[in-house]
Amino acid sequence: MTTSNPPINTSAGTISGNRGLQLEEPLIFEMDVPGRSGVDLPDVPKHKERLAGMKRKGAVGLPGLAESQVVRHYTKLSQKNYAIDMSVYPLGSCTMKHNPRINEKIARLPGIADLHPMQPVSTVQGALELIDTLAHWLKTLTGMPAVAMSPAAGAHGELCGMLTIRAAQLAKGDARKRILVPESAHGTNPATAASIGYEVDPVPADERGRVDLAAFKAKLGPDVAGTMITNPNTCGLFENDIIDIADAVHGAGGYFYCDGANFNAIVGRVRPGDLGVDAMHINLHKTFSTPHGGGGPGSGPVVLSEALAPYAPLPYVVHGANGFDLVEHDGGKSFGRLKGFHGQMGMFSRALSYILSHGADGLRQVSGDAVLNANYLQASLRSDLSVAFPGTCMHEALFNDDFLEGTGVTTLDFAKAMIDEGYHPMTMYFPLVVHGALLMEPTETESKDGLDRYIEVVQGLARRAKAGDAAYFHGAPYHTPRRRLDETLAARQPILRWKPEETKKAAE
C-alpha cells in the first residue's frame with residue numbers, strides 16, 4: 001500500500017525509529033541475504049531430467065532469512081494488529097464478540113482436529129452427529145424446517161439462498177428477474193443477486209430508518225423473484241413492518257431472503273421463520289462466536305422454509321437405521337453442490353460448543369445484553385454526538401456527523417483520532433442512507449466499565465472537535481507505526497509486487 005510517509009518514522013525522536021516496545025520493522029524482502037536459510041537442506045543428487053524445458057531459469061524470489069529473523073518479523077507484525085482480545089472492537093453490523101477459549105479447546109480435540117474429508121463415512125459418525133446436532137439447534141432457534149450447512153461464509157450463504165430461490169422458481173417455470181433490496185443493505189446483498197443474473201431494484205428507507213413499506217409494495221410485480229432484507233437492519237433498528245413485507249412479497253409470488261448478519265440481536269427471542277422468512281444465512285462468527293476474519297475460515301449455514309427445502313444444496317446429513325450418512329445425490333430438486341465436501345468442521349465444533357455452554361436461556365440473555373449495551377452506548381453519547389434515528393435501538397447505535405458541523409472535522413478525521421486513543425474506529429460512512437455515519441456495535445461481551453472507558457474517549461474527542469481543534473484531527477493518528485495513509489493514492493496506484501525502486505519513489 002502506498003503511504004505519504006517515509007519507511008522509517010523519524011518523528012519518534014530516536015535513532016532506530018523505535019518507540020519503546022513499538023518497534024520498526026522493514027519489509028521481509030528488505031531483510032533478504034542471498035544464501036541465508038533457517039534450515040540446512042542436502043544437495044539435490046544428480047537425477048534424470050523428467051520435465052524437459054520446465055526447469056526454473058531464475059531465482060525463486062523468496063527472501064533469505066534465519067529462523068530467528070522470521071519469528072521476530074511476524075511477532076512484530078502481530079503487535080501492530082488490533083484484535084478483539086485487546087479491547088472493544090466497535091465495528092457496527094459486524095458483531096465482533098469475544099471468542100470463548102472453551103471453543104478452541106473443543107475444536108482441537110482428537111477426532112475433530114485430525115479429521116480428513118476423504119475418510120469413509122463409517123469412521124466419522126461422531127462428526128456427522130455433531131453437524132446434525134448443530135443443524136438441529138439452528139433450525140430450532142430460527143423456527144425453520146431445514147438448513148444447508150455447507151456454505152463457507154455469509155456471502156456464500158447469500159449465494160446459496162438466492163440459488164435456492166431461483167431453483168424453486170425455475171421448477172415452477174417462472175423465471176423472474178427482479179430482486180428488491182433496501183438502500184441500506186449490506187453490499188453483498190445486491191452483489192449476490194446481480195452475480196446470478198437478477199436485476200437489483202433498490203427500495204428507499206423512510207424517515208424512521210426502516211424499509212419504506214409503501215415504496216416496497218409499489219415495486220412489487222409479476223417479475224419480482226423476491227427480496228433481500230436484513231433484520232434487525234443496518235441502521236440498528238428492527239423492521240417492525242417485517243410481517244407485512246413478507247405477506248406482500250409472498251402475495252406477489254416471490255420469496256423472502258433475510259440477511260442474518262444481525263441475528264445476534266434477536267437470537268433466543270425472535271424466530272425468523274415466524275416472520276415469514278424463506279431463507280436466511282447465519283454467520284457463525286457473528287452470532288455463535290467462531291473466529292472472525294483471518295482466524296476463520298468462515299461459515300454461513302442457510303436455514304430454509306418448507307417451500308425452499310427441496311431445493312437445498314448437496315450434500316446433507318441424514319440419520320438412518322445404520323447411523324448417520326451423507327446424501328451426495330438424491331435425484332430430487334436440489335440445485336446441486338455449492339462447494340467441495342460438506343462445510344467448515346472447525347467452525348461447526350466451535351459454534352456448537354458456544355451453543356451448548358450457553359443453553360437456550362443463555363442465548364436469550366446474549367441478545368438481551370447485546371441490545372442493552374448498544375442502548376447504554378447510545379444514551380451515554382447522545383448529548384455529545386448526534387443520533388441518526390432517535391428512540392430505542394437494537395444491537396448497534398448509529399450516529400451521523402451533525403455534531404461535527406462547522407468544526408472542520410470529518411467522520412474520517414474523527415476515526416483516525418480514535419486510533420491514537422488505542423481503539424479500532426467504529427464503522428464509518430455506512431449505512432449509506434445516513435450522511436457521515438458512525439456505526440457502533442458493542443456486543444454483549446463488553447462490560448460496563450469497558451464501555452465507560454470507550455464512552456469517555458468518544459466524548460472527549462467530540463468535545464475537542466467542537467472546541468475548534470480541527471488541526472489536531474487533520475494530522476491524526478500521531479502515535480502509530482505509520483501516520484495517515486494516502487488512501488486515494490493507495491487505491492489508484494497499489495504496489496502489488498515489491499520493487500525497491502518503486503517503494504523508494506512512493507515514499508518520496
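**Exercise 1. Place Thr192 in the structure and decide whether Thr192 is buried or exposed.**

Thr192 sits in helix α5; helices (H or I, at least four residues) and strands (E, at least two) are DSSP runs, numbered from the N terminus. The model is predicted, so local features need pLDDT of at least 70 and side-chain atom pairs count only at pLDDT 80 or more, while totals for chains, interfaces and linings use all residues. Residues are numbered from 1 along each chain as its sequence is written, and side-chain values use heavy atoms, with hydrogens and water left out.

Step 1. Apply the cut-offs: buried means under 20% relative accessible area, exposed over 50%, and partly exposed in between (1.4 Å probe, protein chains only).

Step 2. Thr192 has a relative accessible area of 8%, so Thr192 is buried.

Step 3. List the contacts, where contact means heavy atoms within 4.5 Å. With neighbours within four places in sequence left aside, Thr192 touches Ala155, Glu158, Leu159 and Met162.

**Exercise 2. Find which residues of α5 are buried and what covers them.**

Step 1. In α5 (residues 188–195), the buried residues are Asn189, Thr192 and Ala193.

Step 2. Viewed down the axis of α5, these buried residues fall within an arc of 95°, so they line one face of the helix. The arc is that of the directions from the helix axis to the C-beta atoms.

Step 3. The cover over the buried residues of α5 includes α4 (154–171), together with the strands β2 (178–182), β3 (199–203), β4 (224–230) and β5 (255–259).

Step 4. After α5 comes Gly197, with a positive phi near 100°.

**Exercise 3. State how many salt bridges the structure holds, and examine the pairs of Arg208 and Asp384.**

Step 1. A salt bridge is a side-chain nitrogen of Lys or Arg within 4 Å of a carboxyl oxygen of Asp or Glu. Side chains of opposite charge can pair when their charged atoms come close. The structure holds 20 salt bridges.

Step 2. Arg208 pairs with Asp206, and their closest N and O atoms are 3.0 Å apart. Arg208 is partly exposed, at a relative accessible area of 28%, whereas Asp206 is buried, at 15%.

Step 3. Asp384 and Arg463 meet in a salt bridge through their side chains (2.9 Å, N to O). This pair links distant parts of the chain, 79 residues apart: Asp384 is in the loop between α9 (345–381) and β10 (386–387), and Arg463 is in helix α11 (residues 448–466).

Step 4. Asp384 counts as buried, at 6% relative accessibility, and Arg463 counts as partly exposed, at 48%.

Step 5. Salt bridges with shared partners also join Arg178, Asp201, Lys219 and Asp223 into one network.

**Exercise 4. Describe the surface patch that contains Tyr74.**

Step 1. Tyr74 is in helix α1 (residues 67–78) and is partly exposed, with a relative accessible area of 47%.

Step 2. Patches are made of residues with over 30% relative accessible area and no salt bridge; like charges are joined within 9 Å, and nonpolar side chains (Val, Leu, Ile, Met, Phe, Trp, Tyr) within 5 Å.

Step 3. Val70, Tyr74 and Leu77 form a nonpolar patch on the surface, and together they have about 240 Å² of accessible area. Accessible areas come from the Shrake-Rupley method with a 1.4 Å probe; for residues, only the protein chains shown count as cover.
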